[in-house]
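Me: I have a model open and would like to know how its descriptions are justified. Please go through them with me.

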Amino acid sequence: MQEKKENLLTISEFAEIAEISRKGLIFYDNTGVFSPEYTAPNGYRYYSHEQIYLISAIGLLKELGTPLQQIKAYMQDSTPESAVALLEQQGKKISQKIKQLQETQDMLQTKLKRLNSSFGFFLNFGCSHIKSRYENICFLYDYLLLIFGYLWYNINT
């Protein structure tokens, strides 16, 4: 068994190379997402160099917003077909989020144009004291719309 450990990386070595925390590796092991190549009787975890590719794939899937259960299922049955299906599914989700963010950005641009044109009206008539009060009310109104829009989106997705 000593020879086997010599070809493997300790959890700290693997964590440094793979750019993941030791706690993350332990969590993945405990949840069955990603296990070490060898666990010694004393509980020490050892990883192979080949496992760096697997942990990188997990990191990519996590970065794409893939739920942990889907990552676990993929890791247990990873085929080229399942990889394509999983990435296509995540691509669709990202496209939906981009669309929603674009709609939010468009709404903000519309609000800013409306606010700027309203402020111009007050400035032209020399009503600067009204402008500041109106600005506060409009800011609060737009802020509340933004918050409610964000909450509505998160409840419905």
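Me: Which residues in α2 meet which residues in α4?

Reply: This is a predicted model. In it, Phe14, Ile17 and Ala18 of α2 meet Gln51, Ile52 and Ile55 of α4. Five of the residues in this contact are nonpolar, one is polar and none is charged.

Me: Why are α2 and α4 called oblique to each other?

Reply: Helix α2 (residues 11-18) and helix α4 (residues 51-63) pack at an angle of about 55°. Roughly parallel needs an angle under 35 degrees, and roughly perpendicular covers 65 to 115. The angle of about 55° fits neither range, so the two helices are oblique to each other. Their axes lie 10 Å apart, and the crossing of α2 past α4 is right-handed.

Me: What makes β1 and β2 edge strands?

Reply: The open sheet has three strands in the order β1-β3-β2, with antiparallel pairing. Both β1 (9-10) and β2 (38-39) pair on one side only, and they are the edge strands.

Me: How do you know that β1 and β3 pair?

Reply: Pairing requires at least two bridges. Two bridges join β1 to β3, so the requirement is met. These strands run antiparallel, and Leu9 stands opposite Tyr47 in β3.

Me: Which element has the lowest mean pLDDT, and which the highest?

Reply: Helix α1 (residues 2-6) has the lowest, 59, and strand β3 (residues 45-47) the highest, 96. The protein chain averages 81, and 71% of the residues score at least 70. Where pLDDT is low, the predicted coordinates should not be read in detail.

Definitions and conventions:
Residues numbered from 1 in each chain as written. Predicted model: local features only at pLDDT ≥ 70, side-chain atom pairs only at ≥ 80, totals over all residues. Heavy atoms only, no water. Axes fitted to C-alpha atoms, helices over the stretch in contact; angles between N-to-C directions. Helix = DSSP H or I, 4+ residues; strand = E, 2+ residues; numbered from the N terminus. Parallel < 35°, antiparallel > 145°, perpendicular 65-115°, else oblique. Left-handed = near helix turned anticlockwise from the far one by under 90°. Contact = heavy atoms within 4.5 Å. Nonpolar A, V, L, I, M, F, W, Y, C, P; charged D, E, K, R; others polar. pLDDT = per-residue confidence, 0-100.
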